[in-house]
Structure formats: C-alpha cells, structure tokens
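User: I'm at the bench with this model open and would like a close look at one part: the charged side chains and what surrounds them. Please take me through them at an easy pace.

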Amino acid sequence: MTRDLAPAALVFLAAVTLADASGREPSREAADMPCDAEAAAFAVGQRYHEDVADEARKASGAAELRVVPEGLEVPMAIKPDRLTLWLDGDGTIARATCG
C-alpha cells in the first residue's frame with residue numbers, strides 16, 4: 001500500500017514546493033513540470049552573464065537557478081524547480097538541466 005501512495009506523495013510535495021508567496025497552489029500542469037530545460041537551451045553556447053542566466057531561468061519556469069563552473073563538485077540533490085547552468089572552463093554555458 002505504501003508504494004501506491006508514492007506517486008501521489010511526489011505530486012503533493014511538488015505542489016507544496018511550488019506554492020507562491022500568496023499561498024496559492026500552482027496549476028496541475030506547473031506541479032507536473034516545474035522546469036523545462038529545453039526552454040533554456042537558447043543560453044547554451046553563450047558566455048555566462050547574470051542577465052542571460054536570469055532569462056534562461058524565467059524561460060524554463062524554474063523557481064531557482066544554480067550555476068556550476070567546470071570542475072566544481074556539487075551535491076546532486078534533485079530539485080524539480082531548479083535550473084542548473086553548467087559552465088565550461090571559459091565561462092560559456094555548456095548545458096542546461098533541471099533538477
């Protein structure tokens with residue numbers, strides 16, 4: 001029975017995480033897909049700049065942004081509402097992922 005509740009629990013946690021400051025819950029669609037890395041793909045190949053990163057975050061629908069320079073080890077904690085921009089050694093955005 002516990003396994004049957006796991007998908008519902010994940011949806012609930014996503015909805016709670018995405019609730020905005022007004023306390024309203026997001027739409028079901030937002031809870032299912034809080035970050036869309038493909039929408040931020042335009043940033044790949046560009047030099048990192050705060051403006052580009054913020055535009056990518058907004059386009060992806062993510063609530064949070066994490067920037068990871070090449071060689072930096074980061075915790076792999078999964079956060080469905082976070083966009084991660086991975087930089088190469090020159091400070092160019094090499095890839096954009098969610099989680």
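Analyst: Happy to. Accessible areas here come from the Shrake-Rupley method with a 1.4 Å probe, and for residues only the protein chains shown count as cover. This is a predicted model, so local features need pLDDT of at least 70, side-chain atom pairs count only at pLDDT 80 or more, and totals for chains, interfaces and linings use all residues. Residues are numbered from 1 along each chain as its sequence is written, and side-chain values use heavy atoms, without hydrogens or water.

A quick overview helps to place the charges. The chain exposes about 6700 Å², and carbon and sulfur atoms supply 56% of that area. Of the 99 residues, 28% are buried (under 20% relative accessible area; exposed is over 50%, partly exposed in between). There are 3 helices and 3 strands (DSSP runs: H or I of at least four residues, E of at least two). Reading from the N terminus, their order is α-α-α-β-β-β.

Now to the pairs. The whole structure contains 3 salt bridges (Lys or Arg side-chain nitrogen within 4 Å of an Asp or Glu carboxyl oxygen). Start in helix α3, with aspartate 54. Its salt bridge with arginine 57 has the closest N and O atoms 3.3 Å apart. Both of these residues sit in helix α3 with a spacing of 3 residues, about one turn of the helix. Aspartate 54 also meets lysine 58 in a salt bridge, at 3.2 Å from N to O. Here the spacing along helix α3 is 4 residues, so about one helical turn separates lysine 58 from aspartate 54. As for the surroundings, aspartate 54 is partly exposed at 29% relative accessibility, while lysine 58 is exposed, with a value of 55%.

Moving on to strand β1, you will find glutamate 64 in a salt bridge with lysine 79, where the closest N and O atoms are 2.8 Å apart. Because glutamate 64 lies in strand β1 and lysine 79 in the loop between β1 and β2, this pair ties together parts that are 15 residues apart in sequence. Going back to the helix for a moment, Asp54, Arg57 and Lys58 are joined into one network by salt bridges that share partners. Glutamate 64 is partly exposed, at 30% relative accessible area, and lysine 79 is partly exposed, at 30% as well.

Which residue is buried yet has no salt bridge? That is arginine 66, which belongs to strand β1, residues 64–68. The nearest side chain of opposite charge to arginine 66 is that of glutamate 64, 7.8 Å away (Lys and Arg count as positive, Asp and Glu as negative; His and chain ends are not counted). The side chain of arginine 66 does reach the backbone oxygen of proline 75, at 2.9 Å. Its side chain also makes a polar contact of 3.3 Å with that of threonine 84 (N or O atoms within 3.5 Å, one able to donate a hydrogen and the other to accept it; sequence neighbours count only if both atoms are side-chain atoms). Beyond neighbours within four places in sequence, arginine 66 touches several residues, including Val74, Arg82, Leu83, Leu85 and Gly99 (contact means heavy atoms within 4.5 Å).

One more acidic residue deserves a look: aspartate 81, in the loop between β1 and β2 (82–87). Aspartate 81 is buried, with a relative accessible area of 6%. Its C-alpha atom is 5.4 Å from that of alanine 63, although 18 residues separate the two along the chain.

Conventions:
Buried < 20%, exposed > 50% of the residue type's maximum accessible area, 1.4 Å probe, protein only.
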